[in-house]
Amino acid sequence: MEVNGFGPKSFPELKNDTFLRAAWGEETDYTPVWCMRQAGRYLPEFRETRAAQDFFSTCRSPEACCELTLQPLRRFPLDAAIIFSDILVVPQALGMEVTMVPGKGPSFPEPLREERDLERLRDPAVVASELDYVFQAITLTRQRLAGRVPLIGFAGAPWTLMTYMVEGGGSNTMARAKRWLYQRPQASHQLLRILTDALVPYLVGQVAAGAQALQLFESHAGHLGPELFSKFALPYIRDVAKRVKAGLQKAGLASVPMIIFAKDGHFALEELAQAGYEVVGLDWTVAPKKARRRLGSWC
């Protein structure tokens, strides 16, 4: 079956499946290692490649994304690769302008300010086709990995994407986005549903293109307390996992392990462990042994 223009593909045989076996909860000979910011500014070759064009032009170049994904593997014995891209390609595909400002970070010249601004967003059904360049980058990278390690695809979770779209960029408090939750709860849920509807085919398309695992980044979980997280973040995190798994099955694609990483979401570890993901990512504030004790009866 074909998904987003991608039919069944023939990829090189995987030689190191340690990461995938660990993600499925199987015994491994050692603890696999990969880094979330694997293709990063610490590498001189990364800086050289990135200097050639602006950030989102790089994201739209499958060849550049492939090169940046592979660079760390030439230096380090890592057990997985994560595709070079950005979570904000989804708001772009929904029709919002996003630029990367040097020294500042992402910027939305026209953020969502009122409920009526939601009318500016494109139909979420078109997002996957708008992001074909990501699928091309995944397929190219999977081929060039030559089976060395698995390739991870990813996306930002609905609440995290909403914060950027409402705030207009990064924020230490997410005051505008949180104000939406209190003052415009219905519009907030409408936006979160739009984002969920966009993310599901996008993530299924990544697997169709060659991704062997998926990670959902709820990078701004820590800006919500338990009550707001349970109301505005967790339901959509669950829905993404449920619908992606159903989408893979419907498309005749093999299941892949899914990872949920909710930064500073230590207060919701038990809920995240039951959200439908194979792996719960921990940030630096959580001791792995303590997390294992907390989740022992849940996993």
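Colleague: I'm new to this one. How much of the span 152-168 is helix, and how much is strand?

Modeller: Residues 152-168 are 59% helix and 29% strand, and the C-alpha atoms at the two ends lie 28 Å apart. Keep in mind that this is a predicted model.

Colleague: Which feature does UniProt place there?

Modeller: The unreviewed UniProt entry puts "domain: Uroporphyrinogen decarboxylase (URO-D)" at residues 152-168 and also at residues 32-41. In residues 32-41 you'll find 0% helix and 0% strand, with the end C-alpha atoms 23 Å apart.

Colleague: OK, on to the sheet. What holds strands together, and in what order do they run here?

Modeller: The general idea first: strands of a sheet pair through backbone hydrogen bonds, either parallel or antiparallel. In this structure, five strands make an open sheet, ordered β1-β4-β5-β6-β7, with parallel pairing. At the edges sit β1 (81-82) and β7 (279-281), each pairing on one side only.

Colleague: Can we zoom in on one pair? How many bridges link β5 and β6?

Modeller: Five bridges, in the parallel sense, join β5 (residues 213-218) to β6 (residues 258-262). Phe217 stands opposite Phe261 of β6.

Colleague: Gln215 caught my eye. Where is Gln215 found, and is Gln215 buried or exposed?

Modeller: Gln215 is in strand β5. To judge burial, look at relative accessible area: under 20% is called buried. Gln215 has 3% relative accessibility, so it counts as buried. Setting aside residues up to four places away in sequence, Gln215 touches Trp34, Met36, Ile152, Gly153, Phe154, Ala155, Ile259 and Phe261.

Colleague: And why does Ala23 count as buried?

Modeller: By the same reading: Ala23 counts as buried because its relative accessibility is 7%. Ala23 lies in helix α1 (residues 18-23). Beyond its neighbours within four places in sequence, Ala23 is in contact with Pro257, Glu278 and Val279. Ala23 and Pro257 are 234 residues apart along the chain, yet their C-alpha atoms are separated by 6.1 Å.

Colleague: Last topic, empty space. How many cavities of 30 Å³ or more does a search of the whole structure find?

Modeller: Generally, rolling a probe the size of a water molecule over the atoms shows where empty space is left. Here the search finds one cavity of 30 Å³ or more, and the largest cavity has a volume of about 40 Å³.

Colleague: Which residues line the largest cavity?

Modeller: The lining is made of Ala262, Gly265, His266, Leu269, Gly281, Leu282, Asp283 and Val286. By class, that gives four nonpolar, three polar and one charged residues.

How values were computed. Residues numbered from 1 in each chain as written. Predicted model: local features only at pLDDT ≥ 70, side-chain atom pairs only at ≥ 80, totals over all residues. Heavy atoms only, no water. UniProt positions renumbered as here; feature names shortened; annotations may be inferred. Helix = DSSP H or I, 4+ residues; strand = E, 2+ residues; numbered from the N terminus. Pairing = 2+ DSSP bridges. 1 Å grid on protein atoms, 1.4 Å probe; cavity = no way out; pocket = protein on both sides within 12 Å on 5 of 7 lines; lining within 4 Å. Points joined across faces, edges and corners; volume = space filled by probe spheres on them. Nonpolar A, V, L, I, M, F, W, Y, C, P; charged D, E, K, R; others polar. Buried < 20%, exposed > 50% of the residue type's maximum accessible area, 1.4 Å probe, protein only. Contact = heavy atoms within 4.5 Å.
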